[in-house]
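I opened the model today to look up its contacts. My notes follow in the order I took them.

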Amino acid sequence: MKKPELHVLLLSRVKANLILEHDQDDELLLGFIRAAVSYAESFQHRPAGHYNKNQLPPTTEQAILMLSSHFYESRDGSTAGFFGDNVQAGRQAMETINMLLRLDRAWEASI
């Protein structure tokens, strides 16, 4: 039996992070999760699909959850969310996400 793709497995975690109990935005969220996983793989110098075949480290998972949630809460172009009144919220979120992703980055040079 084929294991479900990573973005499907993360959907319930992202919804819990956002405190979403409805299914109306599931397709939208899946797109945000795919984008967040792609960002993580690129930032960490991993090949596309790396985390569909390899274990997802906890820090990378947290970064993907945060980035997916940030995409959802900012889909109208605002920062929204808990720090919606802070004009630096988007930057602060990305700095934290990048810090988490840096912990699992492949630092060796690729040829």
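**Entry 1: the loop after H2**

I started with Ala-48, which is exposed at 73% relative accessibility. Ala-48 belongs to the loop between H2 and H3. I keep in mind that this is a predicted model. I then took a C-alpha distance: Ala-48 and Ser-38 are ten residues apart along the chain, and 6.8 Å separates their C-alpha atoms.

Next I checked Gln-44. Gln-44 also sits in the loop between H2 and helix H3 (50-53). Is Gln-44 buried or exposed? I get a relative accessible area of 0%, so Gln-44 is buried. I listed what Gln-44 touches, leaving out neighbours within four places in sequence. The contacts are Tyr-51, Thr-60, Leu-101, Asp-104, Arg-105 and Ala-106. I also noted the backbone at His-45, just after H2: its phi is positive, about 60 degrees.

**Entry 2: helix H2**

I turned to H2 itself. H2 has 18 residues. Its first and last C-alpha atoms lie 25 Å apart, close to the 26 Å expected at 1.5 Å a residue. I pulled out its buried residues: Asp-26, Leu-29, Leu-30, Phe-32, Ile-33, Ala-36, Val-37, Ala-40, Glu-41 and Phe-43. Against what do the buried residues of H2 pack? I find H1, H3, H4 and H5.

**Entry 3: the nonpolar core**

I looked up the largest nonpolar core. It holds 24 residues. Leu-10, Leu-29 and Ile-64 have the most contacts inside this core. I then asked which helices supply it. Helix H1 (6-18), helix H2 (26-43), helix H4 (58-73) and helix H5 (89-102) each give at least two residues to this core. H2 gives the most, eight residues.

I followed Leu-10 further. Residues up to four places away in sequence are not counted here. Leu-10 touches Ile-33, Val-37, Leu-56, Glu-61, Ile-64 and Leu-65. I met Ile-33 and Val-37 already, among the buried residues of H2.

**Entry 4: rings**

I searched for aromatic pairs. The count comes to two. I noted the geometry of one of them. The ring centres of Phe-32 and Phe-71 are 6.0 Å apart and the planes are at 55 degrees, so this pair is tilted. The pair links distant parts of the chain: Phe-32 is in helix H2 and Phe-71 in helix H4, 39 residues apart. I compared the burial of the two. Phe-32 is buried, at 17% relative accessible area. Phe-71 is partly exposed, at 28%.

I also looked for charges over rings. The charged end of Arg-75 sits over the ring of Tyr-72, 4.0 Å from the ring centre. Arg-105 lies over the face of Phe-43, 4.6 Å from the centre of that ring. I had Arg-105 in my notes before, as a contact of Gln-44. Phe-43 is on my list of buried H2 residues.

**Entry 5: salt bridges**

How many salt bridges does a search of the whole structure find? I get four.

I took Arg-13 and Glu-61 to begin with. Their closest N and O atoms are 2.0 Å apart. This salt bridge links distant parts of the chain, with Arg-13 in helix H1, Glu-61 in helix H4, and their positions 48 residues apart. Arg-13 counts as partly exposed at 40% relative accessibility. Glu-61 counts as buried at 17%. I note that Glu-61 is also one of the residues that Leu-10 touches.

I went on to Asp-26 and Lys-15. Their closest N and O atoms are 3.0 Å apart. This pair links helix H2, which holds Asp-26, with helix H1, which holds Lys-15, eleven residues apart. Asp-26 and Lys-15 are both buried. I then traced a network of salt bridges that links Lys-15, Asp-23 and Asp-26.

I finished with Arg-91 and Glu-95, whose closest N and O atoms are 3.1 Å apart. Why is their separation about one helical turn? Both are in helix H5 and they are four residues apart, so about one turn separates them. Arg-91 is exposed at 53% relative accessible area. Glu-95 is partly exposed at 44% relative accessibility.

How values were computed. Residues are numbered from 1 along each chain as its sequence is written. This is a predicted model: local features need pLDDT of at least 70, side-chain atom pairs count only at pLDDT 80 or more; totals for chains, interfaces and linings use all residues. Side-chain values use heavy atoms; hydrogens and water are left out. A nonpolar core is a set of buried Ala, Val, Leu, Ile, Met, Phe, Trp, Tyr and Cys residues joined through side-chain atoms within 4.5 Å. Buried means under 20% relative accessible area, exposed over 50%, partly exposed in between (1.4 Å probe, protein chains only). Contact means heavy atoms within 4.5 Å. Rings of Phe, Tyr and Trp (its six-membered ring) pair if their centres lie within 6.5 Å; planes under 30 degrees apart count as stacked, over 60 as edge-to-face and the rest as tilted. A charge sits over a ring if NZ of Lys or CZ of Arg is within 6 Å of the ring centre and within 35 degrees of the ring normal. A salt bridge is a side-chain nitrogen of Lys or Arg within 4 Å of a carboxyl oxygen of Asp or Glu. The expected span of a helix is 1.5 Å times one less than its number of residues.
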